[in-house]
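Work through the exercises below with the sequence and the model side by side. Try each task before reading its solution.

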Amino acid sequence: MKFLIEGGKALSGKISVQGSKNSALPILAATLLIKGKSVIHNCPKITDVDAAIDILKDFGCVVTRSDRTVTVDASYVKNCNVSDYLMRRMRSSILFLGPVLSRLKKARFSSPGGCEIGLRPIDLHLWALRLLGAEINEKSGIIDCKAEKGLKGNRIHLSFPSVGATENILLACVCAKGTTVLSNAAREPEIIDLAAFLNESGAHIYGAGESTVVIVGTDSLHSASHNVIADRIVGATYLFSSAITGGEIEIDNIIPTHLESVFPVLEETGCKIKRTDTSVFLSSPERLSRVKSVRTLPFPGFPTDLQSPLTALLSVAEGTSVVTENIFENRYKYISELVRLGANIRVEGSSAIVDGVKKLYGTSVCATDLRGGFALVIAALKAQGETVINNIHHIDRGYEAAEKTLSSLGANIKRIT
């Protein structure tokens, strides 16, 4: 599949943001811990959620979906294996390791797949599970885990505030024996959302969203329903999409406090922003200004997932901007595709030096990953002429019918199958 985009249309209007991919996936994994039904509302219609549902079914869960509500009945989970095919469909498949090991006392997984944006090692996940009492053997890409006597709480200090490792530890610990004290934990809003669902199900998690999280193990969890938070990354990329075209956009069903690191960057480009408790309004200048320097950092810093969309935005800003990637070492693969559109960008070590150009020009490009793929969409919306974006299955992993949302704002975009 591919997108055909005719650039040069100002994007203006009002949209609502989908549920968060990065919240929905660990919450769906968490349903494995509950011997009953879980009802998850506001699940985005994206292929990563489809993959998570297929994995749950592979474990023996009964899963039904009605629009954006997913119901998971995990009463009879017996299978501790995930097929290699399903594991390779997305990186977040490793999040099922903690709950399966906790519930069945054994698990057998292959290495996860997904976007090739960096090594993104799972060493921290496995190291933490070993501290909780798991025996783990790795051979030929297969991870065999056992915890015959069950997992036991411990003190865990992460060398890096990894989101995935923090989530896996929470999922493994909520039904472990004793208390776990996790320090240098990730603080992302999606961690808070996962903990909220688990606590609604009977878990005892304290301090989620802070550097130190305490998890007091419980014997079992019970059925619950939960509303997934809004996707802050998707919301921000639509703000960027409007800004690069000189439009005005209002986004509701969003939590503006989740984007506190993004607003100053947009304001430095000359955009004006107004906020309420649940919405954001942006108006953009005739031409964007450069941003002196932006560095990606763990939350509450500037998100790594917005590095590529921001770089696309700055490709037409007046002046020179510097964007530094501190999280993933391979997250600049999309830049060669932006250059095909006429961008003037060079990579020096972990930094992208962006010399803004006055015009971009439509051509044929290929999405290399989820966020880099949407960066090409942002650039194509500004480019003169027609742009063809190939490999949009990457974009479908995280954006719900992106062409429909952009069309509602005035974009000339078509999906070609």
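Helices (H or I, at least four residues) and strands (E, at least two) are DSSP runs, numbered from the N terminus. The model is a predicted one.

**Exercise 1. Place Lys-177 and decide whether it is buried or exposed.**

Step 1. Find the flanking elements. Lys-177 sits in the loop between α6 (163–173) and β10 (179–183).

Step 2. Apply the cut-off. Exposed means over 50% relative accessible area. Lys-177 has 53% relative accessibility, so it counts as exposed.

Step 3. Look at the surroundings. Lys-177 belongs to a surface patch of positive charge, together with Lys-35, Lys-105, Lys-149 and Lys-152.

**Exercise 2. Which residues of helix α5 are buried, and what covers them?**

Step 1. Take the helix, residues 123–131. Its buried residues are Leu-124, His-125, Leu-126, Ala-128 and Leu-129.

Step 2. Recall the geometry. An α-helix has 3.6 residues a turn, so residues three or four places apart point the same way.

Step 3. List the cover. It includes the helices α4 (97–104) and α6, along with β7 (135–139), β8 (142–146) and β9 (155–157).

Step 4. Check one covering helix. Ala-165 is in α6. Its relative accessibility is 0%, so Ala-165 is buried. Beyond residues up to four places away in sequence, Ala-165 touches Leu-124, His-125 and Leu-158. The C-alpha atoms of Ala-165 and Ile-122 are 7.6 Å apart, although 43 residues separate the two in sequence.

Step 5. Leave the helix. Gly-133 follows α5 and has a positive phi, near 105 degrees.

**Exercise 3. Describe the surroundings of Ser-242.**

Step 1. Locate Ser-242 in helix α8 (residues 232–244).

Step 2. Judge the burial. With a relative accessible area of 0%, Ser-242 is buried.

Step 3. Collect the contacts, leaving aside neighbours within four places in sequence. They are Leu-11, Gly-247, Glu-248, Ile-249, Leu-282 and Ser-284.

**Exercise 4. Trace three salt bridges and say which elements they join.**

Step 1. Start with Lys-14 and Asp-252. Their closest N and O atoms are 3.8 Å apart. Lys-14 lies in strand β2 (residues 13–16) and Asp-252 in strand β14, so the bridge ties together parts 238 residues apart in sequence. Lys-14 is exposed, at 53% relative accessible area.

Step 2. Turn to Asp-48 and Lys-21, with a closest N to O distance of 3.5 Å. Asp-48 is in helix α2 (residues 47–59) and Lys-21 in helix α1 (residues 21–30), 27 residues apart. Asp-48 is buried at 2%. Lys-21 is buried at 5%.

Step 3. Finish with Arg-108 and Asp-144, bridged at 3.4 Å, N to O. The pair links strand β6 (residues 106–110) to strand β8, 36 residues apart. Arg-108 is partly exposed at 39%, and Asp-144 is partly exposed at 31%.

Step 4. Set these in context. The count comes to 18 salt bridges. Lys-45, Asp-67, Arg-68 and Glu-400 are linked in a salt-bridge network.

**Exercise 5. Inspect the backbone at Asn-184, Asn-253 and Pro-300.**

Step 1. Read phi at Asn-184. The value is positive, about 60 degrees, though the residue is not a glycine. Asn-184 lies in the loop between β10 and α7 (189–200) and is partly exposed at 25%.

Step 2. Repeat for Asn-253. Phi is positive, near 55 degrees. Asn-253 is in the loop between β14 (248–252) and α9 (263–268) and is partly exposed at 36%.

Step 3. Check omega between Phe-299 and Pro-300. The angle is about 15 degrees, and the peptide bond is cis. Pro-300 is in the loop between β17 (293–295) and α10 (307–314).

Technical notes:
Residues are numbered from 1 along each chain as its sequence is written. This is a predicted model: local features need pLDDT of at least 70, side-chain atom pairs count only at pLDDT 80 or more; totals for chains, interfaces and linings use all residues. Side-chain values use heavy atoms; hydrogens and water are left out. Patches are made of residues with over 30% relative accessible area and no salt bridge: like charges are joined within 9 Å, nonpolar side chains (Val, Leu, Ile, Met, Phe, Trp, Tyr) within 5 Å. Accessible areas come from the Shrake-Rupley method with a 1.4 Å probe; for residues, only the protein chains shown count as cover. A salt bridge is a side-chain nitrogen of Lys or Arg within 4 Å of a carboxyl oxygen of Asp or Glu. Lys and Arg count as positive and Asp and Glu as negative; His and the chain ends are not counted. The place of a charge is taken as NZ of Lys, CZ of Arg, CG of Asp or CD of Glu. Buried means under 20% relative accessible area, exposed over 50%, partly exposed in between (1.4 Å probe, protein chains only). Contact means heavy atoms within 4.5 Å.
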